[in-house]
Amino acid sequence: MPLAPSPTDTHCPYCSLQCGMRLRPVAPATPGGPAVAVEERPDFPVNQGALCGKGASAASVLAAGARLDAPLVRDRRTGRLREASWPQALDRAAEGLAAAATRYGRDAVGVFGGGGLTNEKAYLLGKFARVVLRTPNIDYNGRFCMSSAAAAQRRAFGIDRGLPFPLADTARTGCLVLVGANPADTMPPAVRHLRELREAGGRLIVVDPRRTRTADLADLHLRPRPGTDLALALGLLHLVIADGRLDEAFIATRTSGYERAHAAAMAHWPERVEHLTGVPVAQLRQAVELFCDAPTGMVLTARGGEQHSKGVDTVGAWINLCLATGRAGRPHSGYGCLTGQGNGQGGREHGQKADQLPGYRAIDDPAARAHVAGVWGVDPDSLPGPGRSAYELLDRLGTAGGVRALLLMGSNPVVSAPHAGHVTERLRALDHLVVCDVVLSETAALADVVLPSAQWAEEEGTMTNLEGRVILRRAALAPPPGVRTDLALLRELAARLGVEQGFPETAQEAFEELGRASAGGQADYSGISYERIAAEDGVFWPCPATPGGPRHPGTPRLFLDRFATPDGRARFADVSHRPAAEEPDTDYPLHLTTGRVLAQYQSGAQTRRTPELNRAAPGPFVELHPRLAARLGVADGDLLTVTSRRGRATAPAHVTSAIRPDTVFMPFHWPGAGSANLLTNPALDPVSRMPEFKVCAVRVEKAPTGETP
């Protein structure tokens, strides 16, 4: 792992901010320790040098012992994973994929990707599925993150980009509404924009059943029952209409479908909404006053409002509020989604979703198929059609008609999927599982073949952050001798499966092909190059190529002139409240909601291997209100058992008034007995196929004496 000759400007491996950072070469403090140190990079505009604890400690996972450093195969005699040579591991991986296709048909081979993969990896993974495996069954864990917001934005605006404006614009709006978002814990460097908003006289409203560190910054904190955000948004629109606060000129000239949205909102009068949500009428009125009295306004949603079986409709209702008040398509106003994973945006644009081709093209669109097939040099008729969504793919693993052999890259569904006990059983039922990852995750531990991947500091590639800004990660180190890049892995597997061309090993070559494949699509990257990204601190898509003309500047702000619909008008959503898929009853009388904590990230596969982060957040817990704790006879630190219709989890009590008395909260970063996703409900949104992570019915009891978490 030779040292880079000078510091390397790159980006954090974690969340969708993609904070700029600098990696300085150092002599490892211990044998096998990281050979770079993380430093601030003040010139990058998104974070201006600020880093959270996860970013500051990111180099820890580069150390030997924390990561995989050789391929592993499952010994057929002992049943245990053992080290193997690269040729042995790649041969075994390819043979298992080919055998499943021969025995069961091509649809029995599947691919599962990740929202942390670079654009180049996501692009070539989708190409691998459709050109090499020729299977429709590819999806990724981003389906569990932003898919409801993406579907709602496409329905309303004709295009999906997490934020249609730079993040810095949030500090300049008059009133910001955060729905189910806790950036103080999930993306701390973004909090400076909230503070700047308040310092400039702007107002902040937070919608969250928990009192979080973000809620502590708010002018108004609305605490709805889990699963009722849709009713809340409809109730606010009702008051906007009743109080005469509509922007009728904007509605008339820049939108369509208002009449149906009006009728739905009028069926959600304040007292009904208070009954459904638990939010007092006085607070509903205060929220409307704060939002409408400000000259500009924004609504940003995150997983708290989106991870529901009605997540698309919920986001649509919040978009309706923006449209009805003229707070969209104007400077410092609009709706946006706080994308979660590092490449949650780019990961859903270039082909690793079941229904998409590169450039955010629909896979069942004949023109899209012809264009992409032309770039790939294949017959359009050879491309498979849409496949199953993420949970539906996982739910049928190892069954008749389901996937029998799976290539999984950069995801850990044993911890991150809903109904995780069931998903683990399905993974075990596969004929063949190949996992490409940087660490031996809980999912990798089940694999027949584990291929160790290079990490963020050891390879080049682009990411697209929550603003739609395409940024460039640079390599500061070479991978260890026993580790290869994911692009090299795909190239080797493709060759073994009979496709020797079309899978470049260099990221820049892959990006140039991605640009050609995306050209003319909604997410058009054809005018973006590595050189432009480096010179401009990132380029906002869409950015089409302009042969012979002036260079396209990129698009930091969407919709200022027209929306991306055929008629240029934003479309109101026709939505009404409906209950969660599973409501409390006598057997399961409480709501469970789940989320993240400051010092861990997603399934914890990397952060749980970082000592300083584990000291800050060592394990799971159950957050419950003092009144509920008193009723159960529970003290802080007592071991609790939480049971749903799907499973049982055990973790210590954290007694706090920050949670509603009818709700308990668990973070989802840990495997084992305390895994929150053993409990969660896989009920799916009918449009986005997003599982209902954020609400299910549970009962809570003191754990039996002698039980351990």
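How many bridges pair β25 with strand β30, and in which sense do the two strands run? In this predicted model, β25 and β30 (residues 696–702) pair over four bridges, and the sense is antiparallel. One place to look for this pairing is L640, which stands opposite K702 in β30.

Strand β25 has a second partner to explore. Strand β26 (residues 648–655) runs antiparallel to β25, and five bridges join the two. Here L639 of β25 is found opposite P652 of β26. The connection between β25 and β26 is a hairpin, with four residues between the strands. As for cover, β25 (residues 639–643) is mostly shielded, with five of its five residues buried. In a regular strand, side chains alternate between the two faces of the sheet. In β25, L639, T641 and T643 point one way, while L640 and V642 point the other way. Residues on both sides of β25 are buried.

Another sheet worth a visit is an open one of three strands, in the order β19-β20-β21, with antiparallel pairing. Its edges are formed by β19 (461–464) and β21 (539–540), each of which pairs on one side only. Helix α3 (residues 119–133) packs on this sheet and touches both β19 and β20. The direction of α3 makes about 95° with that of β19. Within the sheet, four bridges link β19 to β20 (residues 469–473), again in the antiparallel sense. For a reader following individual residues, T464 has V470 in β20 as its bridge partner.

Some backbone details also invite a closer look. Most residues other than glycine have a negative phi, and most peptide bonds are trans. Against that background, the peptide bond from W541 to P542 is cis, with omega near -5°. P542 itself is placed in the loop between β21 and β22 (570–571).

Two residues can be picked out by their phi values. Q602 is not a glycine, yet its phi is positive, at about 50°. The loop that holds Q602 runs between β23 (590–595) and α21 (611–616). Q602 has a relative accessibility of 17%, so it counts as buried, the cut-off being under 20%. R689, also not a glycine, has a positive phi of about 65°. R689 sits in the loop between β28 (681–684) and β29 (691–692). Because its relative accessibility is 25%, R689 counts as partly exposed.

Stepping back to the whole chain, the model contains 22 helices and 30 strands. The C-alpha trace spans about 75 × 70 × 55 Å along its principal axes. For 709 residues, a compact globule would have a radius of gyration near 27 Å; the chain has 24 Å, so the value agrees with that expectation. Of the 709 residues, 65% count as buried. Among contacts with a separation of 6 or more, 73% are between residues 24 or more positions apart. The accessible surface of the chain comes to about 23700 Å², and carbon and sulfur atoms account for 50% of that area.

Technical notes: Residues are numbered from 1 along each chain as its sequence is written. This is a predicted model: local features need pLDDT of at least 70, side-chain atom pairs count only at pLDDT 80 or more; totals for chains, interfaces and linings use all residues. Side-chain values use heavy atoms; hydrogens and water are left out. Two strands pair if DSSP finds at least two bridges between them. Contact means heavy atoms within 4.5 Å. Axes are lines fitted to C-alpha atoms, for helices over the stretch in contact, and angles run from 0 to 180 degrees between N-to-C directions. Buried means under 20% relative accessible area, exposed over 50%, partly exposed in between (1.4 Å probe, protein chains only). The radius of gyration is taken over C-alpha atoms; the globule rule is 2.2 Å times the number of residues to the power 0.38. Accessible areas come from the Shrake-Rupley method with a 1.4 Å probe; for residues, only the protein chains shown count as cover.
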